[in-house]
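Grab a viewer and work through a few exercises on this chain. Try each task yourself before you read its solution.

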Amino acid sequence: MKKIITLLTIAAFALVAVSCGKDDGIPHDGGYTSLSGTIQNMPTSASKYTLKAFIDGPTAELAVATSDVVNGKFSLALPATVADKYLETAFDEEDIPANVTVSGIDTKMGFLELELYEGEGGPDDAYVDDIVLAVSSVSGTSIFAAQARPTYSNSVLTVTGSMTEKIEGVTGTVSFNMYLMQGWNWMVQTVSISTTGASASSTTKLHGGMMWYLEDDLEY
């Protein structure tokens, strides 16, 4: 798993956006213990589909949950806690940009991978694609895109500030406004590009319009 600070650089912003959820004055939508939804453009070639959720840890893989997928719909129950051996330290202190502030430097995190398979959930199932929670829009020469990843954190972590980076070849500002609680959170990355400039952000707050897609269906 990549270090979080690397994930939040522009190399990772070939993604998609998300805004609704708890209105508690804190920019996060964490604290959930289940995931459910409907996968858009669901394939129909197989008689049975299964969604497998796992964390690819630094030394071991954790099978988190599985769900039947019927007419694109799925429901996953997530564990309340995840052992530290499946998690990785979020930051190397020397990699933190000068204008970015991190509280909870020793926090460990794990990203939930969601893979769709043809079959009953067994070891011989055929892999179809990853699924992602995403939204995007195009208006004239302007493009907006974002993607959210379910993420487990073993303690409270906040990241705020900004830095200047190249965004698809255009110099722009990357802002950080992340408040992760202990438990399950959303890591949300957004990018906006136009002929006049570019910007990107990393946050933990979901936006309206987000839907589940097969990763190969996303075009930005």
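Below are four exercises, each with a worked solution.

This is a predicted model, in which local features need pLDDT of at least 70, side-chain atom pairs count only at pLDDT 80 or more, and totals for chains, interfaces and linings use all residues. Numbering starts from 1 along each chain as its sequence is written, and side-chain values use heavy atoms, with hydrogens and water left out.

**Exercise 1. Take stock of the chain and find where pLDDT stays under 50.**

Step 1: Start with confidence. pLDDT is the predictor's confidence in each residue, from 0 to 100; its mean for the chain is 84, and 86% of the residues reach 70 or more.

Step 2: Look for the weak stretch. Over residues 1-27 pLDDT stays under 50, yet the model has 101 contacts there beyond four places in sequence (contact means heavy atoms within 4.5 Å). Where pLDDT is low, the predicted coordinates should not be read in detail.

Step 3: Count the elements. You should get one helix and 14 strands, taken as DSSP runs numbered from the N terminus (helices are H or I, at least four residues; strands are E, at least two).

Step 4: Check burial. Of the 220 residues, 47% count as buried, where buried means under 20% relative accessible area, exposed over 50% and partly exposed in between (1.4 Å probe, protein chains only).

**Exercise 2. Work out how strand 13 is joined to strand 11 and strand 12.**

Step 1: Find strand 13 at residues 197-203; six of its seven residues are buried.

Step 2: Go to strand 11 (residues 170-180). Strand 11 and strand 13 run parallel, with five bridges joining them; V174 has A200 as its bridge partner. Two strands pair if DSSP finds at least two bridges between them.

Step 3: Now try strand 12 (residues 183-194). Here seven bridges join an antiparallel pair, and I193 has A198 as its bridge partner. Strand 12 and strand 13 make a hairpin, with two residues between them.

**Exercise 3. Is V156 buried or exposed, and which residues does V156 touch?**

Step 1: Place V156 in the loop between strand 9 (142-153) and strand 10 (157-167).

Step 2: Read the accessibility. V156 has 55%, so V156 counts as exposed.

Step 3: List the neighbours, leaving out residues up to four places away in sequence: V156 touches S103, G104, T107, L180, M181 and Q182.

Step 4: Compare sequence with space. G183 is 27 residues from V156 along the chain, and their C-alpha atoms are 8.8 Å apart.

**Exercise 4. Sort out the ring pairs and the charges over rings.**

Step 1: Count the aromatic pairs: there are five. Rings of Phe, Tyr and Trp (its six-membered ring) pair if their centres lie within 6.5 Å; planes under 30 degrees apart count as stacked, over 60 as edge-to-face and the rest as tilted.

Step 2: Take Y117 and Y127. Their ring centres are 5.7 Å apart and their planes at 70°, so this pair is edge-to-face. Y117 is in strand 7 (residues 108-118) and Y127 in strand 8 (residues 126-139), so the pair ties together parts 10 residues apart in sequence. Y117 is buried at 14% relative accessibility, while Y127 is partly exposed at 44%.

Step 3: Move to Y152 and W184, another edge-to-face pair, at 5.4 Å centre to centre and 70° between the planes. This pair links strand 9 to strand 12, 32 residues apart, and both residues are buried.

Step 4: Pick out the aromatic cluster, made up of Y32, F74, W186 and W212.

Step 5: Finish with charges. The charged end of K52 sits over the ring of Y117, 4.3 Å from the centre, and R149 lies over the face of F111, 4.5 Å from the ring centre. The test is NZ of Lys or CZ of Arg within 6 Å of the ring centre and within 35 degrees of the ring normal.
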